[in-house]
Structure formats: C-alpha cells, structure tokens
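Please work through the following exercises with the sequence and the three-dimensional structure at hand. Each task is followed by a stepwise solution.

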Amino acid sequence: NEYKSYLRNMSYKKIYDLQARVRSSDRVLSSFDEDDDGITLLREEERKGFECNKLRIFGILFSVVIVFISGYVTRVLAENFLFPKAVHKIENINEIVDPAKIKDYHVTLTRETHLAGTRANYQLAELIRDQFTQFNFDKVEIQNYTVRLPFPDPRKPNMVRVLAHDGKMIHECKSVEDALTGFERLHPSTPLFNAWSKAGSVKRPYVYANYGTPEDFSLLNTSGVIVKDKIVLVRYGAIFRGNQAKNALDNGAAAVVFFKDLSHPEIKERFPESEWAPDTAGARGTIRVANGDQDSVGWPAHPESYKNKSSLDCGIIAQPITGRDARVLLEKLEANSKLTLPDAWRTNLMEDGVDYHVGSGSKNSVLLEVTVNVQERTVNASTVIGTIYGEYEPDRWVLLGNHRDAWTYGAIDPGSGTAALLEVGRALSHFKNLGWQPRRTIKLCSWDVEEWGLIGSLEWIEDHRKELEAKAVLYVNTDVAEGGTCESVAAFGSPLLRNLTLTLLRKDEVNKALPKDSDVFTSFEVGGSGSDYFGFYSYAGVSVVDVECDSSADVYHTAYDTQHLFDIVDKDYKHLASLTATLARIVTSVSEPVLLPLKITDMTTTIKTWWDLLHPQLSKLFSAKSIPRRWLDSLDNEIDKLQKAATKFQEYIQSKGQALTELEARIANDKFLRCERAFLVDSHILGGGFYSRNILTSTTTTDLYAASGFPSLHHILSVRDLPTNVILIELEKIKQSLNAATQILSDE
C-alpha cells in the first residue's frame, strides 16, 4: 500500500524512469500482480506519454512541411513576379539594347541647337546626369571647368560680300542656311562661323586655293599667282580645316573663306529627300591648330585655377559660306594667264559649259569683303561621369565616352553617339539591378566643348592624369556613331586592341544590321585628334578604340544635321542599336575577364610594319646628311628584341591557359598597360603639340586629323633640314621607349 501511494505521488518524469527500471527486471515485474493498481497506473501513464510524443512529432513534421511549401511558393513568386533572378555575369546584352529607347533619347537630344556654353547644352548635361542616377549607378557627378570661348556676336552678324572693283555690291552670302523643313523653320539654327577666327574686316581681291594644302599653295606661288594680302577661297576636305587656315596665314593671306563642296553630283535627290546635303549647306568648325584650354595648358581649368589669358584667335580672319554662294564666287574669278585651273581643282559645284579660273588677284578684279565679329565669353565645360564600381578590381577602369556639344542640332554629331552612350548605360543598369557587378570599374563619360578643340575631355584628363596612368585599362569612344546609311563598321584605335575589336565587329549581330552587300569591317587605323580619344592615348598613354558606322555624314556640322535624317537612313534605329550593342560588348569584354583579351604581338607587329615603311626613307636622309648608319641599326635591334619579348610573353599566357592564377593574370594585365605607357615621353614629341606625348603614335601640326606611327620620324622626313643633333635626340627617345617596353615584358 505504501508503494502504491508512492507511485501516485510521483512526477511523470519519475514514472518514466521507473518504467525503464521495471521493464528491465523480470524479477521485479513478477512480484507484482497484473491487476495491481500501481502497475496499471504505470502503463496508463506510459500510454498517455507515447500518444503525447506522437502528437508532438506529427506537429513538428507538419510545421516543417508547411514552412518548406510556403518558402518554395514565396521564392517562386519572388523570382517570377517580384524580383528577377540574380545574375553575376552579362550575357546577350544585344537582346537588352532597345532601338525604341535609343530613338527616344535621340529625339530628346536633338530638339534644339546646343552650342557649348549655352543653357540648352547644360540642360542636356543635367538630363544625362539624371539618367545615370535613374540607372542606379554607384556614383554620378558633373565636373565643371571654366574656359573662355569666342562666339559670333548676335548683334553684329558675320558677312561675306562680292564687290565690283568700284565698291558696288554684286552678291551677299547668306549667314545661315535656308530652312528646308518645318523643324528648321520652327527652331532656327546657329549662324555660320569658324571658331577661333580673328575678328576684323578686310576687303581684297581673292583667289581660289583648292584644299589649301601646302602643295596647293606651292603651285599658286610657283605659278606666279600672288596669295599675299589676298583673300583665299578654300573648299573643306583633304586635311583639317585648321591646317588649311594656318597654311593660308603662312602664305600671307589676309583672310580665308571656306565652302562645302557638293558630294556625288550625280545624285539629284538632296536633303530633306535624302541624306545628301544640298548646295544650300555650309559647315561650321574650329580652325585652331591646338587642343585643350590654351589658358591653362598643363593643368585643369578649375574655376579657381590660374589662367594665362592666351589669344582667342588663330591669327587670320575666317568665315564659311554655303555651296550655292561659293558657286557665285567661283564664277566671278577671272582668268589667269599664269595658271589654268587644274582638273584636280574642279569642284562638284562647277557647272558644265562655264569656264572657271583660280583668279588673278589684280587691281581690276572683283573684291571680296569679309567681316567677322567675335564675342568673348567665359563658360563651363561640364563633364558628366557615371561610375559602376568594380567588385574585384575597383582600381582598374574601363571608360566609354562621347561628347555632347554640337554646332547645330547634332543628330549625327554627336547625338547618335550620345544616344548610344545612354542606351549602353541602361543596358548595364539592367544587369546591375539583377545583382551583377563588373569585375573592373566602368565609367561612362559625357564630354563638353569637344567641337572647339577637345577641351572638356582634355581638362578632365589633366585633372585625373596620374589616376589614368595608374588605373585606366581602356577608353572606348564614339562620336558620329551613325552619319547616314551604314555601309560598314570602322574603327580607330591602339594596335593592342586590334584583335579584340576585329573579333567583336565580326559578330553576327552587326552583320544582320548592315546592308547585305557591305563589309563588316573596313579599317582599323590609328586615330588622329578628331575626337575625344586623342587625349587618352596621346597624353595619358591609355589604350583606345573608336567605333562608328562608316557612312556619308554629308550633313556634318550643317543646319541639316537634324533628327529628320534618321527618318531617311535608319527609321527603326536598328543600325544604331547594333552599333550600341557592339560598344557594350567591347566594354564588358574588357571589364569582365580575369585575363584581359589583348594581344601584345599585335602591337609589336604594327611597330615593325611602321618601321619598315620609314627605314628606306630615313636611310636616304642619313646618307645625305652623313649620319652614321649605326643609329638606325640600333633601332632595328631594339625593335627585334621587343618582338622576341612579346612573342615569349604571348606564348607564356597561352601555355598557362586556364591554369593562370588571378595573381598571375593581374601581373600579365599590368604588363599590357605598362607596355602601352612605355612610349610616353616627358615633353611633347618633335613636331607635335603640348598634348602629343606618345612617341609611338600621335598627331603632328601638319594635319591635326591625321596620325601615324613614329610621328616624330615623319616630321623629320617632312622638314629634312633639321640639325643632326635634333634628329639623333629623337631617335634616342624612341630607342629608350622600345627598351623600356622590352624590359616590362621580360620582367619575371
């Protein structure tokens, strides 16, 4: 009885313990009667405990199943309806690029004229900044630099008039093109002018000087046609218009009047029915043979920076006119017994059955009166930078840029490139919002004041030159991305980028967007200083590539550079979308892989080709000047050593393949970059401007649009009477640069 009472008072835990002990002993169990109340109670409690455990286990299992099902359903709903699936790499970016979006951007960008320094142009800077912000870029900023620019005076328009020798006016040229569409009538264009022209008024006889090249002026002078103190009539083309003006100045001309020749005279349909400019078109443009802000050469033009107050003109009065007005001027030129008009000098504006001449410039000749008025203004060069930081190599930059300012409405120059830039930004943001982050930092850049001499980009480069030399991997540029019917795709750039660019330009997406009878690729040349890539490779030593549709661009810098052109040549914006996708692929092809997809042997092969072309001419010059041949032989040896080092380096990379570690890839990548920088010299190259520091490839003052391999050697060959020590110093600079590149590639 005492034991039964003890059992009733026990806790459940003790009952379960007793249960275990009782079951373990037959002797104890046999001493109790089956009907004993204690045992009955024990078994009852055991049954209740077991049932309770079953309920608990079932509850736990049921809860787990419910949580699992609800979690799965939530994940499916989130992935498919709330949040797209996260991605960590970019694939098929061409499928994201949207022609309709590009058109929307393009229409907005070209609604009105937007000269550098105007409110309309700054509003576009704000628009691009806001777009980058909407794209969820990691950092967006506008960087302002203050520069002085010469503008036409709105109160006193420029003027070109034809006068009889007694002063009576025969013809007055238009100061702006005729409006040919309703758009131009509603939105008046900027007047015709040449930036950096000297202000003033001259009244002189005039002569025709063809393209105004040194050879053209030489023919006039040797034929006895006097250029000094005359006004020269020059057609755009052949060389940079600034060099044309400088050649006129060097030959003593009092002023230069430019005109745009008629392209393809056999084509009768002209703008606005076709992409070809009519004879009512005139072209604006800068004529200064220098780049960057000349008040702050060597340092960025911050508002608080010291300014030198340089001259705002290039020393000669210059003014453009329309082709139709130029035809009148050509017809008024009288015959010259000393020089008959050469066939090569005939323009497409000249009509059949009419005799044309170069002019005599005699006292009895008709006169030309040219008046240019200039208004100086200090304005902001506003650069917009949008940044997506790199995940693994944030200290390595891949940049894509395009300028924003335009002479008129800028549909082809630069609106086509700006629309492409914005769509690349939108495509990158699409992947960024899904979780992607580039391996290397990507910067999208909208430059300002490009048309006046690459001022915006060069000021930013001066501001960040040390960073660029340390961090920049590649600068991709686009300007006139599409200027008419896209007949092929062309590129300018560093030899190091040749293989990568060729591969990407041959992608099927580009092929499909081009006419069936076109080439996918026309050329891969070294760029001059025609766009913003110049400062990156020539001044900072950064590899560059510029990609564009090779097209007519016949309305370039005219009042007919409007969005209407795209309704003719690319109504659905498919060609421009294709080029946009190509730009995006070039950027991501360099921002993403562990090992940069570059070929150093492309660079060294190009160097060897350039040298082989120059060697025979230099040999003749050295013989004529009695300069020992060993100086040329030493360059031969350095180029040979560089080629061997490049081949060995490329073979090493190929042999390692996928086994290349991230550290080894980083070292190899840095060699690519340092090898490009090895050709920078401390001061500008012989024959080049301040920003021409790249001794391997840059421009000279002979033609600012053109570039060549070993430009200083080309300058030596063109001048020919340079002192021997000047020539040998330049050869020594080249030799030391080649040796530095060899050491970089050979360094273990």
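The exercises below go from the whole chain to single residues.

The model is predicted, so local features need pLDDT of at least 70 and side-chain atom pairs count only at pLDDT 80 or more, while totals for chains, interfaces and linings use all residues. Residues are numbered from 1 along each chain as its sequence is written, and side-chain values use heavy atoms, with hydrogens and water left out.

**Exercise 1. Describe the overall make-up of the protein.**

Step 1. Count the elements: the protein has 22 helices and 19 strands. These are DSSP runs numbered from the N terminus (helices: H or I, at least four residues; strands: E, at least two).

Step 2. Consider burial. Of the 748 residues, 56% are buried, a term that means under 20% relative accessible area, with exposed over 50% and partly exposed in between (1.4 Å probe, protein chains only).

Step 3. Consider contacts, defined by heavy atoms within 4.5 Å. Among those between residues at least 6 apart in sequence, 81% join residues at least 24 apart.

**Exercise 2. Trace the seven-stranded open sheet.**

Step 1. Establish the order, which is β3-β2-β10-β5-β6-β7-β9, with mixed pairing. Two strands pair if DSSP finds at least two bridges between them.

Step 2. Locate the edges: β3 (169–172) and β9 (317–321) each pair on one side only.

Step 3. Examine one pair. Strand β2 (residues 159–163) joins β3 in the antiparallel sense over three bridges, and R161 stands opposite E172 in β3.

Step 4. Add a helix. Helix α9 (residues 241–250) lies across β6 (231–235) and β7 (255–259) and runs at about 145° to β7. Axes are lines fitted to C-alpha atoms, for helices over the stretch in contact, and angles run from 0 to 180 degrees between N-to-C directions.

**Exercise 3. Compare the lining of the largest pocket with that of the largest cavity.**

Step 1. Fix the terms. On a 1 Å grid over the protein atoms alone, a cavity is a set of points where a 1.4 Å probe fits but cannot get out; a pocket is an open set with protein on both sides within 12 Å along at least five of seven lines; lining residues have an atom within 4 Å of a point. Grid points are joined across faces, edges and corners, and a volume is the space filled by probe spheres set on the points.

Step 2. Take the pocket. The largest pocket has a volume of about 1,300 Å³. Its lining comprises 50 residues, and R241, V480, A553, Y556 and Y705 lie nearest the centre. Strand β17 (residues 544–550) gives the largest share of this lining, four residues.

Step 3. Take the cavity. The search finds seven cavities of 30 Å³ or more, and the largest cavity has a volume of about 70 Å³. Residues lining the largest cavity include P150, F193, W196 and V374. The largest share of that lining, three residues, comes from β1.

**Exercise 4. Identify residues with uncommon backbone geometry.**

Step 1. Recall the usual case: most residues other than glycine have a negative phi, and most peptide bonds are trans.

Step 2. Find the cis bonds. The bond from F271 to P272 is cis, with omega near 15°, and P272 is in the loop between β7 and β8 (285–286). Another cis bond joins D413 and P414, with omega about 5°; P414 is in helix α11 (residues 411–432).

Step 3. Find the positive phi values. H557 has a phi of about 65° although it is not a glycine, and H557 counts as buried because its relative accessibility is 3%. F710 has a positive phi near 50° and is likewise buried, at 1% relative accessibility.
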